[in-house]
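Which residues have the most contacts inside the largest nonpolar core? The paragraphs below take up the core, then the sheet, then one loop residue.

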Amino acid sequence: MKEEKIKVEITGEFIKLDSLLKFAGVTETGGVAKDIIQSGKVKYNGEVCYMRGKKVYKGDLVSIDEIGLTIEVAGS
């Protein structure tokens, strides 16, 4: 499986994990994002994360190995 990496720009100090997945276009709704996170499919900086409200800051990496996607959080 080919690994895809996308960069997401945020304007605030942080974005919540479930909101990031929706904002990046990985999920259509927050409910789907919640299900993916709670099923243990999402890694935050290399560690499995079950907290949908986890604060994700600029420079963090969020990955979903199942679909081969890494989201790099950037900002101004």
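**Core and sheet**

The largest nonpolar core is made up of 17 residues, and those with the most contacts inside it are L17, L20, L21, V42, V56, V62 and I71. At least two residues of this core come from each of β1, α1 (17–23), α2 (30–38), β6 (61–64) and β7. The model is a predicted one. In soluble globular proteins, nonpolar side chains tend to be buried together.

V62 shows what such a position touches. Leaving out residues up to four places away in sequence, V62 is in contact with L17, L20, L21, V42, K43, Y44, V56, L69, T70 and I71.

The strands β1, β6 and β7, which supply core residues, also belong to an open sheet of five strands. The order in this sheet is β1-β7-β6-β3-β4, and the pairing is mixed. β1 (4–10) and β4 (47–48) each have a single partner strand and stand at the edges, so one side of each is left without a neighbour in the sheet. Strands of a sheet pair through backbone hydrogen bonds, either parallel or antiparallel. β1 and strand β7 (residues 69–75) run parallel and are joined by seven bridges. In this pair, I10 stands opposite G75 of β7.

At the other edge of the sheet, where β4 stands, the loop between β3 (43–44) and β4 contains N45. The phi of N45 is near 50 degrees, a positive value in a residue other than glycine. Most residues other than glycine have a negative phi. Is N45 buried or exposed? N45 is partly exposed, because its relative accessible area is 39%, and partly exposed covers the range between under 20% for buried and over 50% for exposed.

Conventions:
Residues numbered from 1 in each chain as written. Predicted model: local features only at pLDDT ≥ 70, side-chain atom pairs only at ≥ 80, totals over all residues. Heavy atoms only, no water. Pairing = 2+ DSSP bridges. Helix = DSSP H or I, 4+ residues; strand = E, 2+ residues; numbered from the N terminus. Buried < 20%, exposed > 50% of the residue type's maximum accessible area, 1.4 Å probe, protein only. Core = buried A, V, L, I, M, F, W, Y, C linked by side-chain atoms within 4.5 Å. Contact = heavy atoms within 4.5 Å.
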